[in-house]
Amino acid sequence: MTETPIDRREFLGRCTRAGFSVAAAGALGFGFYDSSGPDGLSGAGASVKIPDFSIPDMKGKLCIARGTVQGMDRAATVRAAFEALGGMKAFVKPGERVLLKVNAAFASPPTLGATSHPDLVAAVVRLCLDAGASRVTITDNPINDPASCFALTGIDTAARRVGAEVVVPREALFERFTVAGGRLIRDWPVLYAPLARSDRIIGLAPVKDHHRSGASMTLKNWYGLLGGRRNIFHQDIHTIIQELAMMIRPTVVVLDGTQSMLTNGPTGGSLSDLKPTGTLIVSTDPVAADAVGAELLGRTAADLPYIAKAERVGAGTADYRSLNPKEIQVS
Amino acid sequence: MSIVTARRISQIFFFLLFLWFCIVATLGEQWWQLRGWPVNWLIQLDPLVGLGTLLATGTLYAGLLWGLLTVIVTILLGRFFCGWLCPFGALHQAVGWLANRGRKASMMIAANRYRRGQGVKYALLVFLLAAAAGDLIGRLLRVSIDSPAKAAGIVAVMLVLIAGAARAAKRSVKRWTAGIVMAAIGVAALSLLTDGSRLLAASLQTGLLDPIPLFYRTVNLTLLPLVDGRLISISAASRLYPGVFAMGALFWAAVFLNLAVPRFYCRFVCPLGALFGLLGKNALWRVGQKADGCTACGACDRYCEGGCEPATVLRSPECVLCMNCLAACRHDVMGFHQHASAAGEISVPDISRREFVATLAAGAAAVPLARLAGMTGEAWNPAVIRPPGSLAEGEFLQRCIKCGQCMRICPTNVIHPAGLQAGIEGIWTPVLNFRMGTSGCQQGCIACGNLCPTAAIRPIALDERLGKGTFQSRGPIRTGTAFVDRGRCLPWAMDRPCIVCQENCPVSPKAIFTREEYRPIRLGGDIRLQGITGNRLLIEGPVLPSDQLATGDYFVAIDGRRNIPPARIADIGSSGITLADNPFSGAAEKGDRVTLLVRLQQPYVDPSRCIGCGVCEHECPVKGRRAIRVTAENETRERRHRLLL
């Protein structure tokens, strides 16, 4: 019986490959070794930053424009109101990119007044473009299906007609954000991409009754920048509005009280929920704008706890008369 | 001592060790209970557990490093684990031996011949590993070069790829270029398609078929509960695990298939064996024939455990190193050498490139398909309550190997294997079932997380669970929230005093509190006051059930005397009601209508205190469908399930 000769070449080759395999396995094993395991705190990443969009020289500007109560022309009124504050040029410099945060919360027609009116949206877009804005973007994260909301409110058609871009929210546009000094908006998804791409932000909101917060106007309008299961914040509605006021320092806001939704808010759904109030407010101070709007609803600023809370964090002044508002009549 | 005897001793030792580890995974301080026994050691030695979690999570958790030892020995020697160590393999070998006793040699040789189907296990392995690798592929596609080490790593990988490609290029330039182009197109298409899409997802499913978790799970959940009795007394209360029938059926099918083909599971199914077959390709020592002396008698094939055909061309990936051929050979031809078998050897596993690519793609595609059900996101099932310390669902499914250790160790038997309630991926993963067991999830217990071999349930400290000490700011770990079903609750719906839930709430201050209400009880007619003597009200009306009304929960009010609070009934006599204290003297008149009231304490849950331990649900006297039930609402492991601010 003879011993089988070992093929040296073959054996050495095998030794080399086995050696490399052992080394690779060892490198993998020790390279990825994790003695402590996961900490269970997934997702708490770094927060993005949202810039202050306000203009320092324009603090506390407020114009209350009143028109004919029946059939007020929103476009003419908003133009006149901006004119009274120095024109849109005072807010938007040539080449700047402007974001219009409209209220497109519900998939309902403009006549029902639950959303920003397309005539007003178009007029503000035109003002911005005339002032030299390089681009006007319109966005909102509505409650109803986003595409349906923009289509049925007429905002999409109006925006395209005057050359603005509508950004319909989708998952990739949200980033996690934490409000400095906030309690509720912590590591929370915010519709960030359109904010990051803009130099100025203009808030555009109708005057509406809101069962939980008392009223939905320019401050509550920022709720539409939140993503995720934001409805848990209704447990503390006034604090979330306060934190929204901390999150967004707008360039200017437009509060549309051409008609006000007095009942069944914030969805409305019937013409009988609306009352013509013939007023339009343009302000660099959203707290003051809401204080004026409260009166259109037959309430006072003191009836709405979030107004005082927003004032306390320096978002504006509840006593709008102290701002010496420009009151104009547009016929 | 012959090598076969040594192998048998090793198998018996590890089999008994395995059984011992299963038994001692019992919470307690007795010598036969969990008090430092390394009960996970066999799981940790199983490199498929380590490799699977490494692919799925990018980390190798603590004890799983033991798998490296198995890998290294397998690279050098081949599938020693299958033949010498694996308790599941030992079981199959024993059953196969029993089934084949007395069979003719020709029959046994036929049973042990190599079959094409033995390639299926490689396909299963590739499928299961591909299913675990989705996240890794995503990370590789989107790797950003932000450190010199990363850059060096990428350059090294590129060099290896180019070297390999160059070798291939020597053979065929055309195929080489075609391959490079195809690979480039593939990577580009993948990175474009998968960006922001749902095309990549990872789920660890190796545990379904991995023999060590499978055997642990089966023994833990279907065998020990059966034998646990007066003779072998393991648990204080006998254990039940709803839905383990399929688990047991899989096990017994694997066992009985040994009657058809010995070591059926090891040869055709076992993904761990397949992994070892791949790893042992370059083994330095291997079973095989010497050059001369073989008479082709076939004795070696007769007892071959792996079905690797040592008599002819030996398929070395199938060899489980049982060494039976060495003992069976009467001509001393079979041996364990450094050279390949003289009669020829096939050292590559029997899976074609086409099969490999197909199963790889199928595995990678299966998980995204399962995820379309949305159960790790919007469509999460609130009935899936995971043990305290469990990771968020997506990460949980990337770690859990369904070994059942948490269910075995749970002192109250509330951890159960899921059926389909956690989705197809979550089958046999742990969920809490508060209707079962001896009590809810004990607040002072952290056993499951500290036993979990893969940290799907994290090894939390008691302070973390309770939200004390350094964890004060985070608060306690919540597994869910209890909800009162007011239509089933005795005080809410049926005028019966109860509040067992409130009494048993272990949180301090209690998460369950009560509000008091007096409700009139149903009687056969009006009761009228006849007169008052001392603490006794003389009445006229229907016969009153004295044993019920004198219990202390029942009170008297007199209509029209609203300012007088209800007075407690102390006794019911033949002529009237005795009160504990009579506030009606001089304040009521003959003929006044008397109302009997029951005092009810109605339970409410404070969600900011409730930790979802389920003790209330377990204790609720409405035994069928409980009147207070926990769902995963507000569980701490998923931020998105938060209920409160």
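# Reading a two-chain model, feature by feature

Mentor: Let's start with chain B, where the domain assignment gives domain 1 (3–129 + 244–346) and domain 2 (517–603). Keep in mind that this is a predicted model.

Trainee: Okay. How far apart do the C-alpha centres of domain 1 and domain 2 of chain B lie?

Mentor: Those two centres are 80 Å apart. Also look at how domain 1 is written: the assignment builds it from two stretches, 3–129 and 244–346.

Trainee: What about chain A? How do I read its overall form?

Mentor: Compare its radius of gyration with that of a globule. For 331 residues a compact globule would come out near 20 Å, whereas chain A has 27 Å. Then check the spans: along the principal axes, the C-alpha trace covers about 120 × 40 × 40 Å. As for what it is built from, chain A holds nine helices and 12 strands.

Trainee: What share of the 331 residues of chain A counts as buried?

Mentor: That's 48%. Contacts add another angle: take those in chain A with a separation of 6 or more, and 76% of them join residues 24 or more positions apart.

Trainee: Now the place where the chains meet. How many residues does each chain bring to the contact?

Mentor: In general, the size of an interface is often given as the accessible area lost when the parts come together. Here we'll count residues instead: 32 come from chain A and 34 from chain B. On the chain A side, the elements giving two or more residues are helix H1 (8–31) and strand S1 (33–34). H1(A) gives the most, with 11 residues. By type, that side of chain A splits into 15 nonpolar, 11 polar and six charged residues.

Trainee: Which strand of chain B does S1(A) pair with, and is the pairing parallel or antiparallel?

Mentor: The partner is strand S1 (residues 60–61) of chain B, and the two pair in the parallel sense over two bridges. To find the spot on screen, go to A:Tyr33, which stands opposite B:Leu60.

Trainee: And where would I see antiparallel pairing?

Mentor: Try the strands around S14(B). Strand S11 (residues 536–540) and strand S14 (residues 576–579) of chain B pair antiparallel over three bridges. Strand S13 (residues 567–572) of chain B also runs antiparallel to S14(B), again with three bridges.

Trainee: How many residues sit between S13(B) and S14(B) in their hairpin?

Mentor: Three. Now click on B:Ile577: B:Leu537 has it as a bridge partner, and B:Ile572 stands opposite it too.

Trainee: Back to chain A. Why does A:Arg74 count as buried?

Mentor: The idea is to count neighbours: 20 or more other C-beta atoms within 10 Å make a residue buried. A:Arg74 has 20, so it counts as buried. This arginine sits in helix H2 (residues 74–84) of chain A. Leaving out residues up to four places away in sequence, it touches several others, including A:His117, A:Asp119, A:Asp256 and A:Leu280.

Trainee: Which other residues of H2(A) are buried, and what do they pack against?

Mentor: Besides A:Arg74, the buried ones are A:Thr77, A:Val78, A:Arg79, A:Ala81 and A:Phe82. The buried residues of this helix pack against helix H3 (118–130) and strands S2 (62–66), S10 (252–261), S11 (274–283) and S12 (326–329) of chain A. Just after H2(A), A:Gly86 takes a positive phi of about 105 degrees.

Trainee: How should I read unusual backbone angles?

Mentor: Most residues other than glycine have a negative phi, and most peptide bonds are trans. With that in mind, look at B:Glu309, whose phi is near 55 degrees. It lies in the loop between helix H16 (299–302) and strand S3 (314–315) of chain B, and it counts as buried because it has 24 C-beta neighbours inside 10 Å. B:Asn413 has a positive phi as well, about 65 degrees. You'll find B:Asn413 in the loop between helix H20 (405–409) and strand S6 (415–417) of chain B; its 21 C-beta neighbours inside 10 Å put it in the buried class.

Trainee: And where are the cis peptide bonds?

Mentor: One joins A:Gly265 and A:Pro266, with omega about -5 degrees; A:Pro266 belongs to the loop between S10 and S11 of chain A. Another runs from B:Ser508 to B:Pro509, with omega near -5 degrees. B:Pro509 is in the loop between helix H24 (500–504) and strand S9 (512–520) of chain B.

Methods:
Residues numbered from 1 in each chain as written. Chains lettered and ligands numbered in written order. Predicted model: local features only at pLDDT ≥ 70, side-chain atom pairs only at ≥ 80, totals over all residues. Pairing = 2+ DSSP bridges. Helix = DSSP H or I, 4+ residues; strand = E, 2+ residues; numbered from the N terminus. Domains from an automatic or database assignment. Rg over C-alpha atoms; globule rule 2.2 N^0.38 Å. Buried ≥ 20, exposed ≤ 12 C-beta atoms within 10 Å, placed from the backbone. Contact = placed C-beta atoms within 7 Å. Nonpolar A, V, L, I, M, F, W, Y, C, P; charged D, E, K, R; others polar.
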